[in-house]
Amino acid sequence: MNTLLPHIPIIKSVTDLRYKAREIMEYVQGEGKTVLLTRDSDPVAVLFPIGLYEAIRGYIEHLEDARDIRSMKTVLARKEKTSDFIAFDKTMRLKHNLPDYVRHRPSK
């Protein structure tokens, strides 16, 4: 399985980040390395290059899209009743406690 994250990050303390921020950012931006930040030897955060962040987000979106497609194929295969997008969107927003989109007036 191909992974996006490096196996062995550079480990730095939060105190190191406070005093050596420029050096740590060079690891991340300049060398493309991942840095694991710790506080009292406990992991608290991870810094990694923006390109890796975007790749991870894209991969997650791809997985979510694939899951949604499988779900829709199941609904269609069972010949279940489907609804229009607006009704589906409203149901999902209520289920996941998400706000409605801002509604725009139609242009004249």
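Here is a chat between a trainee and a mentor about the predicted model above.

Trainee: Before we start, what should I know about how this predicted model is handled?

Mentor: Residues are numbered from 1 along each chain as its sequence is written, and side-chain values use heavy atoms, with hydrogens and water left out. As the model is predicted, local features need pLDDT of at least 70 and side-chain atom pairs count only at pLDDT 80 or more, while totals for chains, interfaces and linings use all residues.

Trainee: In what pattern do the helices and strands follow each other along the sequence?

Mentor: Helices (H or I, at least four residues) and strands (E, at least two) are DSSP runs, numbered from the N terminus. The protein has four helices and three strands. Reading along the sequence, you get β-α-α-β-β-α-α.

Trainee: What share of the 108 residues is buried?

Mentor: Let's fix the words: buried means under 20% relative accessible area, exposed means over 50%, and partly exposed is in between (1.4 Å probe, protein chains only). By that rule, the buried share of the 108 residues is 15%.

Trainee: Which residues of helix 2 are buried?

Mentor: Helix 2 covers residues 21-30. On one side of it, R22, Q29 and G30 are exposed. The buried ones are I24, Y27 and V28.

Trainee: Why do those buried residues sit on the same side of helix 2?

Mentor: An α-helix has 3.6 residues a turn, so residues three or four places apart point the same way. Here the arc is taken from the directions from the helix axis to the C-beta atoms. The buried residues of helix 2 are on the same side because they cover an arc of only 90 degrees around the axis.

Trainee: Which elements do the buried residues of helix 2 pack against?

Mentor: Contact means heavy atoms within 4.5 Å. With that in hand, the partners are strand 1 (10-13), helix 1 (14-19), strand 2 (35-39) and strand 3 (42-47).

Trainee: Which residue in strand 2 stands opposite I11?

Mentor: Two strands pair if DSSP finds at least two bridges between them. Strand 1 and strand 2 pair in the parallel sense, over four bridges. I11 belongs to the uncovered face of strand 1 along with S13, whereas I10 and K12 make up the covered face. The residue opposite I11 is L36.

Trainee: Which residues in the loop between strand 2 and strand 3 have a positive phi?

Mentor: Most residues other than glycine have a negative phi. In this loop, one residue that is not a glycine has a positive phi of about 55 degrees, and another has one of about 70 degrees. One is exposed with a relative accessible area of 70%, the other with 69%. They are D40 and S41.

Trainee: What residue follows helix 2, with a positive phi?

Mentor: Look just past the end of helix 2, where phi is positive, near 70 degrees. The residue there is G32.

Trainee: How many salt bridges does the structure hold?

Mentor: A salt bridge is a side-chain nitrogen of Lys or Arg within 4 Å of a carboxyl oxygen of Asp or Glu. One of them joins K33 and E31 at 3.3 Å, N to O; K33 is partly exposed at 37%, and E31 is partly exposed at 44%. Another links R67 with D68, the closest N and O atoms being 3.4 Å apart. The structure's count is three.

Trainee: How far apart along helix 3 are E61 and R57?

Mentor: Their side chains meet in a salt bridge (3.7 Å, N to O). Both are partly exposed, E61 at 40% and R57 at 43%. Being four residues apart in helix 3 (residues 50-77), E61 and R57 are separated by about one helical turn.

Trainee: What accessible area does the nonpolar patch of F85, I86 and F88 have together?

Mentor: Patches are made of residues with over 30% relative accessible area and no salt bridge, with like charges joined within 9 Å and nonpolar side chains (Val, Leu, Ile, Met, Phe, Trp, Tyr) within 5 Å. F88 lies in helix 4 (residues 85-95) and is partly exposed at 43%. Accessible areas come from the Shrake-Rupley method with a 1.4 Å probe, and for residues only the protein chains shown count as cover. Together the patch has about 370 Å².
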